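Here are my notes on this one, set out as numbered points. I hope they are handy to have beside the viewer as you look around.

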Amino acid sequence: MSGSFAAFFILSLLTIGGAVFMISFTRVVHMVISLGVTFLSIAGLFILLEAEFVAVSQVLVYSGAISILMLFGIMLTKHDAIEDGGSRGVNRIVGFLIVAVFFAICFWAIQRTTWPGPAPISQPDVSNAKQIGMEVFTKYVIPFELVSVLLLVALVGAIIMAKKEGDNE
Amino acid sequence: MMTLQLPSFLLVALILFSVGLYGALTKRNAVIVLLSIELMLNAANINLVAFAKYGLHAAITGQIFTLFSMTVAAAEVAVGLAILIALYRNRATVNIDEMDTMKH
């Protein structure tokens, strides 16, 4: 068993474990914390896939910003809420059936397809961040600018919608 | 023989997506539904990065697309949470079963 395989095993176990705990916990704050574990392990998986820049942005954006934003959202609404969902058993069973069918179809497709073999040896002389920067600023300049406009629009929209109504000064 | 292959990453992403889909379909708290959607987006990101390394035409484009989808996800969370807070201020609930004004 090689080292990368062991790392993959541990990281995927943590990823799936965090997600499953997120589903099974009852207090919403605990759910967000366990999802933070999932986001961090996904960053580890990205490092395993030789995508260091994406891994660092995953840590910054997901486990940093989005988890904290979710905690703020919970604290600003019902922070002691208990998720029960016990009164709607039919809903749960139907949801589980849909997910099980989806999982079975996708699993069958993954097993059935013949995938390309192991990855070619990547050139280690160019760093991952440099590669991404060259590609973004040569081929994807317009999407990059559009994304910055989208972030600005989301910022303004979030402030306007979360503002108290009738507060016009 | 125990080398990492593409299907193992795809399987992890599939399990994550299924868990997220189950959470989005069954959970009643709107914040948790948003979190489940984030989980599904993350599963898609794992697939993109895995194909960027192991795919037939392995290229850095998958990672760039992952960065773009992360940005869009962050914008989506910010706006979604703002809507949720405005809704909580008006209706004093985060239960998605009680958000049915437009249904009747």
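1. Let's begin with how the two chains meet, bearing in mind that this is a predicted model. On the chain B side, 69 residues are in contact with chain A, where 78 residues take part. Between them the two chains bury about 6,800 Å², and carbon and sulfur atoms give 80% of that area. Within chain B, the residues that lose the most area to chain A are Y22(B), L35(B) and M70(B), which together make up 9% of what that side buries.

2. Now for the polar side of the interface. Five residue pairs are in polar contact between chain B and chain A, counting pairs with both residues at pLDDT 80 or more. As for the secondary structure, α1 (6-26), α2 and α3 (61-91) of chain B each supply at least two residues to the side that touches chain A. Of the elements in chain B, α3(B) gives the most to that side, with 23 residues. By type, the chain B residues that touch chain A are 48 nonpolar, 15 polar and six charged.

3. How many salt bridges does the rule find across the interface of chain B and chain A? It finds one. The partners are K53(B) and E50(A), and their closest N and O atoms are 3.8 Å apart. With a cut-off of 4 Å for a salt bridge, you may like to look at this pair yourself.

4. E50(A) merits a second look for its backbone too. It sits in the loop between α2 and α3 of chain A and has a positive phi of about 60 degrees, although it is not a glycine. Is E50(A) buried or exposed? Its relative accessible area is 36%, so E50(A) counts as partly exposed.

5. V31(B) is a good place to see the contacts between the chains from the inside. This residue belongs to helix α2 (residues 30-54) of chain B and is buried, its relative accessible area being 0%. Beyond its neighbours within four places in sequence, V31(B) is in contact with M70(A) and I74(A) from chain A and with L84(B) from its own chain. For a distance to check, the C-alpha atoms of V31(B) and V79(B) are 12 Å apart, with the two positions 48 residues apart in sequence numbering.

6. Next, the aromatic rings. Searching the whole structure gives nine aromatic pairs over all chains. One of them is F39(A) with Y62(A): the ring centres are 5.0 Å apart and the planes stand at 50 degrees, so the pair is tilted. This pair links distant parts of chain A, since F39(A) is in helix α2 (residues 28-48) and Y62(A) in helix α3 (residues 52-76), 23 residues apart. Both residues are buried. Elsewhere, F8(A), F9(B) and Y54(B) form one aromatic cluster.

7. Last comes S63(A), which is found in helix α3 of chain A. Why is S63(A) called buried? Its relative accessible area is 18%, and the limit for buried is under 20%. The side chain of S63(A) reaches the backbone oxygen of V59(A) at 3.0 Å. Apart from neighbours within four places in sequence, S63(A) is in contact with G36(A), F39(A), L40(A) and Q58(A). F39(A) therefore appears in this contact list as well as in the tilted pair with Y62(A).

Technical notes. Residues are numbered from 1 along each chain as its sequence is written. Chains are lettered from A and ligands numbered from 1 in the order in which they are written. This is a predicted model: local features need pLDDT of at least 70, side-chain atom pairs count only at pLDDT 80 or more; totals for chains, interfaces and linings use all residues. Side-chain values use heavy atoms; hydrogens and water are left out. Helices (H or I, at least four residues) and strands (E, at least two) are DSSP runs, numbered from the N terminus. Buried means under 20% relative accessible area, exposed over 50%, partly exposed in between (1.4 Å probe, protein chains only). Contact means heavy atoms within 4.5 Å. Buried area is the accessible area (1.4 Å probe) that two parts lose on being put together, summed over both. A salt bridge is a side-chain nitrogen of Lys or Arg within 4 Å of a carboxyl oxygen of Asp or Glu. A polar contact is a pair of N or O atoms within 3.5 Å; within protein, one must be able to donate a hydrogen and the other to accept it, and residues adjacent in sequence count only if both atoms are side-chain atoms. Ala, Val, Leu, Ile, Met, Phe, Trp, Tyr, Cys and Pro count as nonpolar, Asp, Glu, Lys and Arg as charged, and the others, Gly among them, as polar. Rings of Phe, Tyr and Trp (its six-membered ring) pair if their centres lie within 6.5 Å; planes under 30 degrees apart count as stacked, over 60 as edge-to-face and the rest as tilted.
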